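Work through the exercises below with the model open. Try each task before reading its solution.

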Amino acid sequence: VCAHIVAHYNYGWANGFHYGITYWEIWNEPDGTVPGFPYKAELWTGTPEDYYRLYDVTAKHLKALYPEIRVGGYAATAFRGIFMSPEELKGSREELFLNFFAGFFDYIRAHQSPIDFFSWHSYNTVDKMVILDDYVHTQLEQRGFGELETHINEWNPRHGLRGTGEHAAQILACMIAMQNGHPAVMNLYDARFGVSSYGALFNPTTGKPFPAYYGMVAFNELKKLGWQTETVSDTAGIYALSATDGTTRRTAIVNLTEEKQPLDYSGIESDFHHAWVVDDVHLLSWTPDIHVIRPGQILLIEW
């Protein structure tokens, strides 16, 4: 079945398409349901070992037929257990999540199952996302998978703030933090146009973008320049990222602290600088001069 799905979407089989999809993830959150914890029974009702075998058979079959695609999994539900005490963790669902992770990599190493990427999910705050990213990378290194691509392909920090400048700041801060972390791919969940606390980018009532949309536009304005340049924040809760094309220079700054933070341009070579602002009121609004970044605010500075 999986092989013919790939054939339909990539190779035109059954009146299909030629999309050239590279990444094929095998299942979604199979660790969400384990014996005794019917957390997400609609996703998986077997044992961990049942999923490990499913992955092994499917990955080997797909790579044999289509060696050019990249296969992986398993869209891990969560690693929240690392923030719990040993007493809290013992016997909890979070302990089973961690055991599922360890068991999966033990199994595929023993069976030489092909894997091109490992995917995981998180709805934690930015500071915890950084810790989780380091945890996943360290665990993979210890198991001999240190060079494996990792994808955070479901994330949305503090999504209950949907539609606010603070949510935009959380999302862009997470992108900045992970730009300097380990993931090769990040996929925000999600961009739906509808009534959902997860629909981060669009207002279903007005049809207009939320502030978070413009936070992602700000990131794209850096990406278009092509080259990341060194930028360091020495203040907890302040996230910054810079880029250049050799002529234009831009820096995105996000303030997740509870205080206004002053901006000092004395170290910038050019006397000319201006910024765009994203917050509850400003949606990438241009300002000729700004010397303070407020809590929950994004600035995109160019000089």
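**Exercise 1: Strand β9 and its neighbours**

Task: Over how many bridges do strand β8 and β9 pair, and in which sense?

Solution. Start with residues 227-229, which make up strand β8 in this predicted model. β8 and β9 pair over three bridges. The sense is antiparallel. For a check on the register, find threonine 229: serine 242 in β9 stands opposite.

Task: Which strand pairs with β9 over seven bridges, and how are the two joined?

Solution. Step one: the partner is strand β10, residues 249-255. This pairing is antiparallel too. Step two: fix the register with threonine 244, whose bridge partner in β10 is arginine 249. Step three: look at the link. β9 and β10 form a hairpin with four residues between the strands. There, glycine 246 has a positive phi near 100 degrees.

Task: Is β9 enclosed or open, and why?

Solution. Take residues 238-244 one face at a time. On one side sit Ile238, Ala240, Ser242 and Thr244, all buried. On the other sit Tyr239, Leu241 and Ala243, buried as well. Buried here means under 20% relative accessible area. Seven of the seven residues pass, so β9 is largely enclosed by the rest of the structure.

**Exercise 2: Strand β12**

Task: Which strands pair with β12, and over how many bridges?

Solution. Begin with strand β15, residues 297-302: five bridges join this strand to β12. Alanine 275 has isoleucine 301 as its bridge partner in β15. Next comes strand β13, residues 283-287, joined to β12 by four bridges. Here tryptophan 276 is matched with tryptophan 286. Both pairings run antiparallel. A hairpin of four residues leads from β12 to β13.

Task: How many residues of β12 are buried?

Solution. Go through residues 274-278. Four of the five are buried, so β12 is largely enclosed by the rest of the structure.

**Exercise 3: A surface patch**

Task: Where does phenylalanine 17 lie, and is this residue buried, partly exposed or exposed?

Solution. First, place the residue: phenylalanine 17 is in the loop between α1 (2-10) and β1 (23-25). Second, read its relative accessibility, which is 33%. Third, apply the cut-offs: partly exposed falls between 20% and 50%. Phenylalanine 17 therefore counts as partly exposed.

Task: Which residues form a nonpolar surface patch with Phe17?

Solution. Val1, Ile5, Tyr9, Tyr19 and Ile21 join Phe17 in the patch. Together, these residues and Phe17 have about 580 Å² of accessible area.

Note on methods: Residues are numbered from 1 along each chain as its sequence is written. This is a predicted model: local features need pLDDT of at least 70, side-chain atom pairs count only at pLDDT 80 or more; totals for chains, interfaces and linings use all residues. Side-chain values use heavy atoms; hydrogens and water are left out. Patches are made of residues with over 30% relative accessible area and no salt bridge: like charges are joined within 9 Å, nonpolar side chains (Val, Leu, Ile, Met, Phe, Trp, Tyr) within 5 Å. Accessible areas come from the Shrake-Rupley method with a 1.4 Å probe; for residues, only the protein chains shown count as cover. A salt bridge is a side-chain nitrogen of Lys or Arg within 4 Å of a carboxyl oxygen of Asp or Glu. Buried means under 20% relative accessible area, exposed over 50%, partly exposed in between (1.4 Å probe, protein chains only). Two strands pair if DSSP finds at least two bridges between them.
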